[in-house]
Amino acid sequence: MTDDDLALLDWLAECTHDPLKFVLEGFPWGEPGELATEKGPDAWQVEHLKAIRDSLERDPHQPIMEAIASGHGIGKSADAAWLILWAISTHENSRGVVTANTENQLRTKTWAELAKWHRLFIGRHLFKFNATSIHAADPALEKEWRIDAIPWSERNTEAFAGLHNKGKRVFVLYDEASAIPDIIWEVTEGALTDEGTEILWLVRGNPTRNTGRFRECFGRSKHRWRTKQIDSRTVKITNKDQIQRWIDDYGEDSDFVRVRVRGVFPRAGSMQLISGDVVEEARKRRIEANPTDAIVLGVDVARYGDDQSVIAIRQGRDAASRRWRRYRNLNTMQLASEVHKIACELRADAIFVDGTGVGAGVVDRLEQLNLPTGCMVFEVNFGGQPDAQWAGDQARMAYKVDEMWWNMAQWLKRGAIPDEQEIEDDLIGREYGYTTDNAIRLEKKEDMKKRGLSSPDNADALALTFAYAVAPRASEYAASEHDMHRRARSRDQATGY
């Protein structure tokens, strides 16, 4: 071992309980290269690195649990990278897990930032970095001395349950912690029980939800967590012009600015388009539709093995009284036949089909079949342009699917849906964000699945019924339909009379 290596090891030993010293001295601040114009960490980073140092110096075996809620662009990923490198470098046989709200966030942001700082770290040769872990370069130590990047899964929590490392150091970091489900928190909490062990559990992110364990860190569990909320405007590296545009567009106290700038939890349920309270009321509500309201079918066509095709049926404010249909493993011809049969039974006025991908085949087949008089088939492109660029409260839509979901969200406040948990889960699970030009954009289905949620097939089917306006039914026809429906409901269920 060279003198330089011995000096490096001595320095790492000095940093064992001092992450601030590690950050200030472990990277080439101000030297030619990537950090030429950088002088060191921001004030908020210095403050919380000092807090970790002081806690460890007081009692290294008292678990450190720190929660940071913040606006955008404050340098959370860089801070996470420093702490990962410090945690693994300054204590022998450290073990840890890093996860994030989605696999994409974990791989392309959190872990990508670690790659940069590992490259700049003066002790980088001591640890091997790859796509899923950072571990000791010595092959004999790599299984015991490592921190892994692990996408969370509610169906596979073993990685979070096996964090015991008695007498050494355990490090856990959650990035964008609002969206990590309670079960992962609970399993992690149960694993961090070793006595005589240095335990650090750090969670951070934009406060996108006002429920869940991340929110509780700042509420009923605040006595257990050291918390900090950081306004993006107070951090030197943030884009102040963009922040001001957001404030001008949405207002200082809007949920968007609260979450994305001020680091404050939203008043609404989250960056969730449809709240659970609204859906719960819609499940309880029962409405007799106006007989002149059009009967509309929304057909969401399954594309993947785990998904299902759904036919939602709505007449005005009533989407509850007629049974929705769900199918798995039907080809497009079979599904078109089912849609045709239902349309004829109900004498539907319009059929809206998700024409993306294989759905176009359903549209083509329906146009070949004899549909009820006046019934029109519409192919809807979820990724197409919205009909109206602006919704009622001046929220701008990015795509057609965003517009349909927005209209559905407003309708749910006075409409009725089937009293089924599956439908509620689909409606409330999807989040939304904003494009670079501040248009509302729904969360992608791939990202929902990475969060452990299913494709919202039921919600998409109902949303399709809001694709375009449909003219009311003719009064004479509607009256006869209403009378037929009334008489059918008065029949004896056993005899049919």
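These are my notebook entries on what I looked up in this structure, which is a predicted model.

**Entry 1: the whole chain**

I began with the overall figures, and I noted that the protein has 497 residues, of which 52% count as buried. Taken along the principal axes, the C-alpha atoms fill a box of roughly 95 × 45 × 40 Å. For the accessible surface I wrote down about 22700 Å², with 47% of it belonging to carbon and sulfur atoms. I then looked up the secondary structure and found 18 helices and 15 strands. I also looked at contacts between residues at least 6 apart in sequence, and 72% of these join residues at least 24 apart.

**Entry 2: the sheet of eight strands**

I next followed an open sheet of eight strands, whose order is β3-β4-β5-β2-β6-β7-β1-β8 and whose pairing is mixed. Which strands stand at its edges? They are β3 (127-129) and β8 (226-230), and because each has a single partner strand, one side of each is left without a neighbour in the sheet. Ignoring direction, I recorded an average turn of 10° between neighbouring strands of this sheet.

I then went through some of the pairings. Strand β4 (residues 133-136) and strand β5 (residues 146-149) run antiparallel and are joined by three bridges, and here H135 has R146 in β5 as its bridge partner. Strand β6 (residues 169-175), by contrast, pairs with β7 in the parallel sense over seven bridges, with F171 matched to L200 in β7. The pairing of β1 with β7 is also parallel, over six bridges, and in it the bridge partner of I68 is R204 of β7.

Since β7 kept coming up, I checked how well it is covered, and found that eight of its eight residues are buried. This holds for both faces of β7: E198, L200, L202 and R204 are buried on one side, and I199, W201, V203 and G205 are buried on the other. I also looked for a helix at this part of the sheet, and noted that helix α3 (residues 43-58) lies across β1 (64-70), β7 (198-205) and β8, running at about 170° to β1.

**Entry 3: the sheet of five strands**

A further open sheet that I traced has five strands in the order β11-β10-β9-β12-β13, again with mixed pairing. Its edge strands are β11 (325-327) and β13 (376-380), each of which pairs on one side only. From one strand to the next, the twist averages 15°.

Within this sheet I looked up the pairing of strand β9 (residues 295-300) with strand β12 (residues 350-354), which run parallel and are joined by four bridges; in this pairing V296 stands opposite A350 in β12. Helix α17 (residues 457-464) packs on the sheet and touches β9, β10 (309-315), β11, β12 and β13, while its direction makes about 140° with that of β9.

I picked out I311, which has its place in strand β10. Is I311 buried or exposed? Its relative accessibility is 0%, so I311 counts as buried. Leaving aside neighbours within four places in sequence, I found I311 in contact with L297, G298, V299, W324, R325, Y327, V339 and I342. Of V339 I further noted that, C-alpha to C-alpha, I311 and V339 are 7.5 Å apart in space, although 28 residues separate them in sequence.

**Entry 4: aromatic rings**

I finally searched the whole structure for aromatic pairs, and the search finds 23. One that I examined is the pair of W82 and W117: the ring centres are 5.4 Å apart and the planes stand at 85°, so the pair is edge-to-face. This pair links distant parts of the chain, with W82 in helix α4 (residues 76-89) and W117 in helix α5 (residues 103-120), 35 residues apart. I checked the cover of each ring residue, and W82 is buried at a relative accessible area of 3%, while W117 likewise counts as buried at 3% relative accessibility. Following the ring pairs outward, I found that they link W11, F22, F27, W29, W82, W117 and F121 into a cluster.

I also noted charges over rings. The charged end of R314 sits over the ring of F466, at 4.0 Å from its centre, and the charged end of R430 sits over the ring of W405, at 5.0 Å from its centre.

Definitions and conventions
Residues are numbered from 1 along each chain as its sequence is written. This is a predicted model: local features need pLDDT of at least 70, side-chain atom pairs count only at pLDDT 80 or more; totals for chains, interfaces and linings use all residues. Side-chain values use heavy atoms; hydrogens and water are left out. Rings of Phe, Tyr and Trp (its six-membered ring) pair if their centres lie within 6.5 Å; planes under 30 degrees apart count as stacked, over 60 as edge-to-face and the rest as tilted. Helices (H or I, at least four residues) and strands (E, at least two) are DSSP runs, numbered from the N terminus. Buried means under 20% relative accessible area, exposed over 50%, partly exposed in between (1.4 Å probe, protein chains only). A charge sits over a ring if NZ of Lys or CZ of Arg is within 6 Å of the ring centre and within 35 degrees of the ring normal. Two strands pair if DSSP finds at least two bridges between them. Axes are lines fitted to C-alpha atoms, for helices over the stretch in contact, and angles run from 0 to 180 degrees between N-to-C directions. Contact means heavy atoms within 4.5 Å. Accessible areas come from the Shrake-Rupley method with a 1.4 Å probe; for residues, only the protein chains shown count as cover.
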